[in-house]
Amino acid sequence: MAEKEKPSALSTPEKPRPNQNKAREDAPLLREDEVPVKAPKPAELCPAEADRERRGTGPAVPPPRERRKYKMSETPPAPAPPPRLKDYEPILGRADIDELRFLARQLRGKTVKMVNSTAVGGGVAEILNRLIPLMNELEVATKWEVITGGNDFFEVTKGFHNALHGGEYHVSKEVLDIFMMYNEQNRQRMEFVEDLFVIHDPQPAGLIRSKRDRGRWIWRCHIDLSNPHPEVWNFLKPMIEQYDAAVFSSPSFTRQLPIPQYLFYPCIDPLSEKNKEIDEAYVQKVCDDFGVDRSRPILTQISRYDRLKDPVGVIEAYKLAKKYVDCQLVLAGGGASDDPEGAVVLAEVMEAAGDDQDIIILNLPPWSALEINALQRASTIVIQKSLREGFGLTVTEALWKGKPVIAGAVGGIPSQVIHKLTGILVHSVEGCAYQIRYLLTHPEFAQYLGKNGHEHVKENFLLTTNVKRWLVLFEIMLGMTRTLKVT
Amino acid sequence: MAATQTLPRPVRWARSPFYFNSSAQLIRIGRQRATTLGEFADMLQSCPDDAIFQHTFQTLRDHHYLREGFTNDFGHWVFSACNEVGLAEQLAAVDVREFTSIKALRGALTKTVQDYLVKNPRSRERAAFEPFYFCASDTVVIPTPFVARNMAEFADGLRQISLHSIHYHFIDARLRLKLNSNDFSLWLEEELDLGALGDRVNHIDIYTSTLEDVRQRILKILQPVL
């Protein structure tokens with residue numbers, strides 16, 4: 001099969017369900033170039049499953065049946081224009097937007113430069129793409145610059161990134177020289193005439209050498225520094241100490257530093273493709289095309305195929321719960337196409353799912369934001385049973401959609417999921433299974449969690465909250481405001 | 001029979017207007033982190049005033065949508081990370097409305113933990129599931145366009161301000177005023193001679209109400225005089 005014709009979504013064969021058949025008869029949901037296809041052939045299955053088919057062993061696989069192919073775009077869609085401040089008014093209310101305008105008024109005439117290491121891809125670029133236009137609309141002139149470097153530089157910074165997360169790394173004089181050389185090149189290339197400089201993550205940290213009397217410098221660290229590689233951290237630390245302040249995503253991600261450290265939670269944009277309100281008809285279409293039956297409870301975990309997200313544990317929890325309650329499980333994520341380890345984990349997941357027709361496993365490309373949005377909205381419960389986690393923005397997304405969330409008590413998740421108030425924290429497969437059963441049989445409690453979760457995100461984890469945090473921090477850094485003193 | 005004519009109620013003007021403000025806060029991560037109840041008890045005595053403020057007064061703002069189960073960060077950590085349910089209940093029962101200074105509030109919190117550890121010495125060194133990170137808040141006051149010179153304008157402003165503004169006037173105000181009251185009640189009493197109404201407003205329970213509930217309850221209390 002030609003590459004473009006391959007199904008982008010893998011799923012276990014499903015039994016026909018009345019409501020799906022109805023949808024197929026009633027609605028012209030496919031484009032002209034889409035045709036129903038058979039279930040994946042052995043060559044398209046993950047290696048373990050293909051091998052099982054070849055050997056004729058393992059659980060009996062139901063005969064292939066006709067199913068709809070969900071056709072994903074093969075290239076990322078063009079980005080939508082960024083929203084304007086007034087677009088957030090229906091979500092937040094006029095008063096909150098006016099408060100942003102007031103804070104920004106104080107900063108009119110001040111200039112800000114934000115620097116990171118990539119213009120596209122990655123969470124930081126995603127945030128800056130939304131943040132910078134809002135800052136400029138508020139008339140706080142904010143410029144975004146990206147550092148440049150050769151492959152050798154980005155290999156070093158990737159190594160640093162993993163090492164700062166606690167991974168192994170061999171620190172040689174050569175890698176330190178490469179890091180400093182490219183920082184120096186960028187420093188010579190850039191101008192530093194603004195009032196405020198926000199340097200994101202370690203890659204451009206060396207730009208601090210341009211710090212002069214004028215201008216305040218802030219280091220925004222998006223990564224977890226709780227257990228860094230000592231040599232890498234000792235190399236970076238003298239640079240970080242020259243900044244006027246540092247910003248972290250969680251108190252647990254910080255190091256002892258002689259400069260003030262502030263807490264900015266990671267945030268989601270409620271108007272992004274992944275989080276905006278979408279038509280019910282579209283949600284139905286995505287479910288129909290992926291073979292998800294909306295007449296029965298749907299458990300969903302959205303995560304790349306990574307053992308630290310414990311997808312196999314989620315399947316085990318689902319199987320335990322299913323002894324008592326009817327439900328389906330959707331595992332949707334990416335990373336299996338471009339990451340060899342992801343492909344191995346996906347194979348393990350397929351193996352664990354066996355021939356259960358109610359487990360739907362989807363390997364989605366990175367530009368599946370709308371589909372993920374639809375799957376989250378269709379879910380009865382969203383699970384994020386991670387064994388280790390950064391902040392866990394998929395939890396934030398689910399909470400924003402008012403879904404009851406069951407999540408592992410790791411990383412930044414407990415900041416979002418307050419046990420039994422905004423969601424449920426679990427520590428084991430068995431605990432997860434019990435909570436699935438409990439929430440499915442106590443829908444009013446599930447609804448209570450979802451409502452609280454939505455409000456928790458609205459107050460603490462939206463892009464606009466971070467706009468406010470930046471404005472306040474800028475005023476404090478420039479000595480333009482007096483903070484309230486409490487005694 | 002002639003229809004009863006309702007005469008318009010005369011407008012009662014305040015001696016001084018009420019200026020609605022709001023606030024924005026930034027959380028500063030402190031250097032202290034407790035990994036056991038013993039460390040927590042020590043740090044509770046030595047942490048800065050604005051850390052006590054953040055984990056009691058300000059956290060009510062961050063969790064303003066909850067009506068139950070959450071009153072301050074200290075009680076929540078003792079419950080969820082230390083599994084000391086009895087102490088968690090006692091800390092959760094410390095009501096910020098009864099304190100007009102951080103010093104007094106700190107004293108009550110510290111005494112509660114110390115007393116518990118005297119009775120339960122084995123709890124002192126037991127490792128918590130996750131550390132308690134002492135944070136503090138930098139709060140900036142934000143003026144709003146709303147000004148009230150009479151009850152109608154007051155109610156109108158109340159309907160339009162943000163929930164942060166309600167928190168600023170109704171909860172934070174106690175530390176500014178050094179009174180067991182709030183900005184709304186004080187204005188009603190001092191500028192409009194409506195002390196009884198002010199009293200009723202002051203008795204709204206912030207621990208069993210969301211901030212939106214508080215707004216609606218104040219409006220309901222004011223309704224008869226609008």
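# Helices, strands and a buried loop residue

Colleague: Which residues of helix 5 of chain B are exposed?

Modeller: Exposed means over 50% relative accessible area, buried under 20%, and partly exposed in between (1.4 Å probe, protein chains only). Helices (H or I, at least four residues) and strands (E, at least two) are DSSP runs numbered from the N terminus. On the side of helix 5 of chain B opposite its buried residues, the exposed ones are B:Lys103, B:Lys111, B:Val118 and B:Lys119.

Colleague: What should I know about the model before reading further?

Modeller: This is a predicted model, in which local features need pLDDT of at least 70 and side-chain atom pairs count only at pLDDT 80 or more, while totals for chains, interfaces and linings use all residues. Residues are numbered from 1 along each chain as its sequence is written, chains are lettered from A and ligands numbered from 1 in the order in which they are written, and side-chain values use heavy atoms, leaving out hydrogens and water.

Colleague: Where in chain A does pLDDT stay under 50?

Modeller: pLDDT is the predictor's confidence in each residue, from 0 to 100. Chain A averages 85, and 84% of its residues score at least 70. Where pLDDT is low, the predicted coordinates should not be read in detail. That caution goes with the stretch of chain A where pLDDT stays under 50, residues 1-67.

Colleague: Within what arc do the buried residues of helix 5 of chain B fall?

Modeller: The buried residues of this helix include B:Leu105, B:Leu109, B:Val113 and B:Tyr116. The arc is that of the directions from the helix axis to the C-beta atoms. Seen down the axis of helix 5 of chain B, the buried residues line one face, because they fall within an arc of 155°.

Colleague: How far does helix 5 of chain B reach from its first C-alpha to its last?

Modeller: Helix 5 of chain B spans residues 102-119, which is 18 residues. The expected span is 1.5 Å times one less than the number of residues. For helix 5 of chain B that gives 26 Å, and the model is close to it at 26 Å.

Colleague: Is strand 7 of chain A buried or exposed?

Modeller: On one side of strand 7 of chain A lie A:Ile298, A:Thr300 and A:Ile302, and on the other A:Leu299 and A:Gln301, with both faces covered. Since 5 of the 5 residues (298-302) qualify, strand 7 of chain A is largely enclosed by the rest of the structure, and its residues are buried.

Colleague: How many bridges join strand 7 of chain A to strand 8 of chain A?

Modeller: Two strands pair if DSSP finds at least two bridges between them. In strand 8 of chain A, A:Leu329 is the bridge partner of A:Leu299. The two strands run parallel, and the bridges joining them number 5.

Colleague: Which residue of strand 10 of chain A is the bridge partner of A:Thr300?

Modeller: Strand 7 of chain A also pairs with strand 10 (residues 381-384) of chain A, in the parallel sense over 2 bridges. One partnership there joins A:Leu299 to A:Ile381. For A:Thr300, the partner is A:Val382.

Colleague: What is the handedness of the unit that strand 10, helix 13 and strand 11 of chain A make?

Modeller: Strand 10 and strand 11 (residues 405-408) of chain A pair in the parallel sense over 3 bridges. A crossover is right-handed if, with the strands pointing away from the viewer, the path from the first strand over the helix to the second runs clockwise. With helix 13 (residues 393-400) of chain A between them, the β-α-β unit is right-handed.

Colleague: What is the relative accessible area of A:Asn275?

Modeller: A:Asn275 lies in the loop between strand 6 and helix 9 of chain A. Its contacts (heavy atoms within 4.5 Å) include A:Asp269, A:Arg377 and A:Trp400, not counting residues up to four places away in sequence. A:Asn275 is buried, with a relative accessible area of 3%.
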